[in-house]
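Visitor: I am new to this structure and would love a close look at a single part of it. Could you take me through the salt bridges, and then show me what lies around them?

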Amino acid sequence: MHAALTLGCSGTLGLYNHPKSGFSVMRINRIREDDVTYWKTSAWGIFVASTLVAAPACADEPLFGYIYTTDTLPKDQSEVEQWVTLREGRSQGDFHLLQTRTEVSHGVTDNFQLSGYVNLAYANVKGNTPSGDTVPPEVFADFASDPARRFSKARLESVSVEGIYRISSPYTNGVGVALYLEPSIGPRTREMEARLILQKNFLDDKLVFAANATLGYEWRKLLGDSSADPTSEEFVTHWDKETDVNFGFAGSYRFTSNWSVGGELQNEREWAGLNPFKASSRTNQAWYLGPTMHYGGRHFFATFTTLFQMPWAKDYANPAAESFVVNGITNADDFEKYRFRLKVGYYF
């Protein structure tokens, strides 16, 4: 299967299509000399149909919005990819957070892919906490805000470098395994994210399941809080530290040559500090679930995912009277009710 993908991404197109792509095998056995017009018409028809309808999927094509698969770009292949994520709604007030990622990726080898990202963000919020105060989302936590007024701001969030190394392929080894590492740096922000990626395919690669386990460390330089204990770190400007541990599972089924549909489940957990094994440092937990749709053409792909926060959230850091959880939904600074993510990309 991997050879077939490489072949497809390289731009080669023949009358015989690989059976794993789901195409029918077409043969032209005999062409009559007096039927040249018919032959030309049929050849153009086959070419157009193969290009527009039955184009094979390219490696690294993201089937999911949030969950990674083990596919990587073939050696010397490149792509540009644009992400747009809209994070909407809280249990009260206004909450709108738009984040974009512009990515350029390159296949260093058939099993190692290197990518670079530029990450931008825009927030517009007011009265978005259970107390009715305005509090900026986490990516704007280093800005001062008035609890009684609307907060609206755009910023460069960070730049990132991402490396994915595939240890085994689901097409040749049964189960795909890959490791991922992404350091990011931005104004008053540092992040390091590591991920284990698993993938298993069924039904001649039409049915794909993937699972991710992610460990992320974050450092944000926050302004001092004059209401905090004067002897505490929060009273002065300081580097706030946080650990994120996420588990994700997703499945997708290719119901026709270019289209797949599926679903994603994401469990997100947070700790204050950098020790995810310290139970007393747990702060929040939330679950997200929703559908995903994917289109993959010859050089172009698009993936759209919608996630809904499930009413299973936990607030470990605050007593019940001050909890950020309302009707099972957490309103902590890195969570919202709905997430919409669109990824589009072009291979070259």
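**A close look at the salt bridges and their surroundings**

Guide: Let us begin in a loop: Asp76 sits between helix H2 (36-52) and strand S1 (78-88). Please keep in mind that this is a predicted model. Asp76 has a positive phi, near 70 degrees, and is a residue other than glycine. Most residues other than glycine have a negative phi. Asp76 counts as exposed because its relative accessible area is 53%, and exposed means over 50%.

Now to the salt bridges themselves. The structure holds 12 of them. One joins Asp94 to Arg150, with the closest N and O atoms 2.8 Å apart. This pair links distant parts of the chain: Asp94 belongs to strand S2 (residues 94-109), while Arg150 is in the loop between S3 and S4, and 56 residues separate the two. Asp94 is partly exposed, with a relative accessible area of 31%. Arg150 is partly exposed as well, at 40%.

A second salt bridge brings together the side chains of Asp142 and Arg188, at 2.7 Å from N to O. Here too the pair links distant parts of the chain, 46 residues apart: Asp142 is in the loop between S3 and S4, and Arg188 is in the loop between S5 and S6. Asp142 counts as buried because its relative accessibility is 5%, and buried means under 20%. Arg188, at 34%, counts as partly exposed.

A third salt bridge connects Glu268 with Arg339, and their closest N and O atoms are 2.6 Å apart. Glu268 lies in strand S9 (residues 259-272) and Arg339 in strand S15 (residues 338-347), so this pair also links distant parts of the chain, 71 residues apart. Both Glu268 and Arg339 are buried. They also belong to a network of salt bridges that links Arg87, Glu268, Asp334, Glu336 and Arg339.

Next, look at the strands on either side of the loop that holds Arg150 and Asp142. Strand S3 (residues 112-126) and strand S4 (residues 151-168) run antiparallel and are joined by 14 bridges. Tyr122, for example, has Ala154 in S4 as its bridge partner. S4 is also joined to strand S5 (residues 175-186), again antiparallel, by seven bridges. There, Ile164 has Tyr180 in S5 as its bridge partner. The hairpin of S4 and S5 has six residues between the strands, and in it Gly174 takes a positive phi near 90 degrees.

Moving further along the chain, Leu203 lies in the loop between strand S6 (189-202) and S7. Leu203 has a positive phi of about 50 degrees, although it is not a glycine. With a relative accessibility of 55%, Leu203 counts as exposed.

Our last stop is on the surface, where Asp225, Asp229, Glu233 and Glu234 gather in a patch of negative charge. Glu233 is placed in the loop between strand S7 (207-222) and strand S8 (238-256). Glu233 is partly exposed, with a relative accessible area of 43%. It can belong to such a patch because patches are made of residues with over 30% relative accessible area and no salt bridge.

Conventions:
Residues numbered from 1 in each chain as written. Predicted model: local features only at pLDDT ≥ 70, side-chain atom pairs only at ≥ 80, totals over all residues. Heavy atoms only, no water. Patch = residues over 30% accessible without salt bridge, like charges linked within 9 Å, V, L, I, M, F, W, Y side chains within 5 Å. Areas by Shrake-Rupley, 256 points an atom, 1.4 Å probe, with all protein chains shown as cover. Salt bridge = Lys/Arg side-chain N within 4 Å of Asp/Glu carboxyl O. Lys, Arg positive; Asp, Glu negative; His and termini not counted. Charge placed at Lys NZ, Arg CZ, Asp CG, Glu CD. Helix = DSSP H or I, 4+ residues; strand = E, 2+ residues; numbered from the N terminus. Buried < 20%, exposed > 50% of the residue type's maximum accessible area, 1.4 Å probe, protein only. Pairing = 2+ DSSP bridges.
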